[in-house]
Amino acid sequence: MDLATRRRRAALFLFFLIPGLSISSWVTRTPDIRDQLGVSTAQMGMVLFGLSVGSMAGILSSGTLVARFGTRPVMGAGTVLVILSMAVIGGGTLLSSAPAAAAGLFLFGAGMGGGEVAINIDGADVEQITGGTVLPTLHGFFSLGTVVGAALGILCTAASIPVQWHLAAMALVTAAMLAHAFRAIPKSVGIRRNNEVQSEAGASTAQVKVWKDRRLLLIGGVILAMALAEGSANDWLPLLMVDGHGMDPAMGSAVYTGFAAAMTVGRFAGGSLINRLGRPVVVRGSAICASLGIAFVVFADSAVLAGVAVLLWGLGASLGFPLTLSAAGDSGPDPAARVSLVAMIGYVAFLVGPPSLGFLGDHYGLRLAMIVVLAFTTAAILLAPAVGTRSAPASPAPDPAVR
C-alpha cells in the first residue's frame with residue numbers, strides 16, 4: 001500500500017469516528033436536553049422525528065450526489081452538517097427552543113445519512129485498490145466513537161457540564177479532525193461519466209439498472225436483516241432489558257454498553273477472520289451468532305443469561321453491515337451505484353425497523369417484538385452465499401495516481 005492510500009485509509013477512519021463521537025454525545029444528554037427544552041417524552045419524540053426526516057433526505061440524495069460530484073465533496077459536506085448540528089442542538093437547548101433542536105437533529109440526520117453512504121463508497125474503492133479488507137475496520141471506528149463519546153457524555157453529565165458547552169466542545173474537536181482528514185481524500189471517486197461507463201462493460205450492460213441484479217438484491221436482503229439487528233439494539237436494548245427482564249435502568253444501560261463494546265471488538269477483529277475464511281462463511285457465522293443472542297434475549301427467563309447473550313448479539317451484528325457493502329462493491333459494474341443501493345437499504349432498515357418494533361412492542365411487549373428481528377437474521381443465514389466474490393473478474397481498479 002503506497003503512502004497516499006495509507007493516508008486515505010487513515011482519513012476514512014476519522015470520517016467514521018466523527019459521527020460515532022457526535023451521535024453518542026447528544027444521545028447521552030437526551031434527558032438533559034428534554035428537561036431544558038421543557039417538553040414531555042411524547043413531544044421529545046416529535047423533536048427526534050427531525051433526525052428521521054433528515055436521515056431519509058440524506059440517504060435518498062447521496063447516490064445521485066456522489067455520481068455527479070464524487071465522494072469527496074459529499075462526505076465532506078455531510079460531515080460539516082454533522083459538526084454544525086452539534087452547535088445547533090446545543091443552541092436550541094440553551095434557548096429552550098424545541099424547533100431549533102429539531103432543526104439540529106435534521107442537520108445531523110442529513111449529514112450522517114448522506115455522508116456515510118459516500119464514505120462507504122470511498123471505503124469500498126480502497127478495498128478494490130488494495131485487495132484487502134477495510135470496511136469492517138472503518139465501521140469499527142464508528143463503534144469506537146460511540147463508546148468514547150458515550151463515556152465522555154456520562155462524565156459530562158456527572159460533572160453537571162451544560163449540554164451546550166459539551167456539544168460545542170465536541171463540534172470544535174471534530175472540526176479539527178475533519179480539517180486534517182479531508183485533504184487525504186482523492187477527487188473524482190464515484191463520479192459516473194458516460195464514456196467510462198460504456199468502456200467498463202459495454203453500453204447495454206452498464207446501463208442496466210442495478211436494482212435488477214438478482215444477486216445484488218440478495219445482498220440487500222442480508223444487509224436489511226443485519227442492519228435491523230444492529231438498529232433494534234441501538235434503539236430498544238436498554239428498555240428491552242428493563243421492561244422485559246426486570247433490570248434497573250443503570251444495569252440496562254450497562255448491558256447496552258456491553259453490546260456497543262462487542263460491536264467494536266467484532267469489527268476490529270473481523271478483518272483477519274474474513275481474510276482467512278472468506279465473506280460468506282463470516283457472514284453466515286455472524287448471522288448465526290446474532291440469531292442465538294437474540295433468541296436467548298427473547299426466550300430466556302434469566303436476566304443474567306439474557307445480559308450475556310447480548311454480547312453474542314453484538315458480535316453477530318458487528319460485521320453484517322460492512323461485509324455486505326464490500327460484497328456490493330464487488331458484485332459487478334458500477335460499484336459506486338451498487339454500494340449506494342445496498343447502503344440505502346441498510347439505512348432504511350435502521351430508520352424504519354426500530355419504530356415498527358416499537359409499535360409491535362406496545363401491543364405484544366418488546367421481547368416478543370424481537371422475534372421479527374430473529375426471523376430476519378435467520379433468513380440472513382440462508383442468504384449468506386450471495387456475499388461471495390463474483391465468478392467473473394472485476395474490472396481492474398484505476399491507478400490512484402491518476403486521480
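Guide: Welcome! A helix here is a DSSP run of H or I with at least four residues, numbered from the N terminus. The model is predicted. Helix α4 covers residues 71-94, and Ser96, with a positive phi near 55 degrees, follows α4.

Visitor: What makes the span of helix α4 close to the expected one?

Guide: The expected span is 1.5 Å times one less than the number of residues. For the 24 residues of α4 that gives 34 Å, and the C-alpha distance from first to last is 35 Å.

Visitor: Why is the pair of Trp26 and Phe108 called edge-to-face?

Guide: Ring centres must lie within 6.5 Å and planes over 60 degrees apart. The centres of Trp26 and Phe108 are 5.9 Å apart and their planes meet at 80 degrees, so the pair is edge-to-face. Trp26 belongs to helix α1 and Phe108 to helix α5, so parts 82 residues apart in sequence are tied together.

Visitor: And what makes Phe141 and Phe268 edge-to-face?

Guide: Their centres are 5.3 Å apart and their planes stand at 75 degrees, so this pair is edge-to-face as well. Together with Phe13 they form one aromatic cluster.

Visitor: Why does Phe268 count as partly exposed?

Guide: Buried means under 20% relative accessible area and exposed over 50%. Phe268 has 36%, so partly exposed is the right label.

Visitor: How do you know that Cys156 is buried?

Guide: Its relative accessibility is 12%, so Cys156 falls under the 20% limit. Cys289, at 17%, is buried too.

Technical notes: Residues are numbered from 1 along each chain as its sequence is written. This is a predicted model: local features need pLDDT of at least 70, side-chain atom pairs count only at pLDDT 80 or more; totals for chains, interfaces and linings use all residues. Side-chain values use heavy atoms; hydrogens and water are left out. Helices (H or I, at least four residues) and strands (E, at least two) are DSSP runs, numbered from the N terminus. Buried means under 20% relative accessible area, exposed over 50%, partly exposed in between (1.4 Å probe, protein chains only). Rings of Phe, Tyr and Trp (its six-membered ring) pair if their centres lie within 6.5 Å; planes under 30 degrees apart count as stacked, over 60 as edge-to-face and the rest as tilted.
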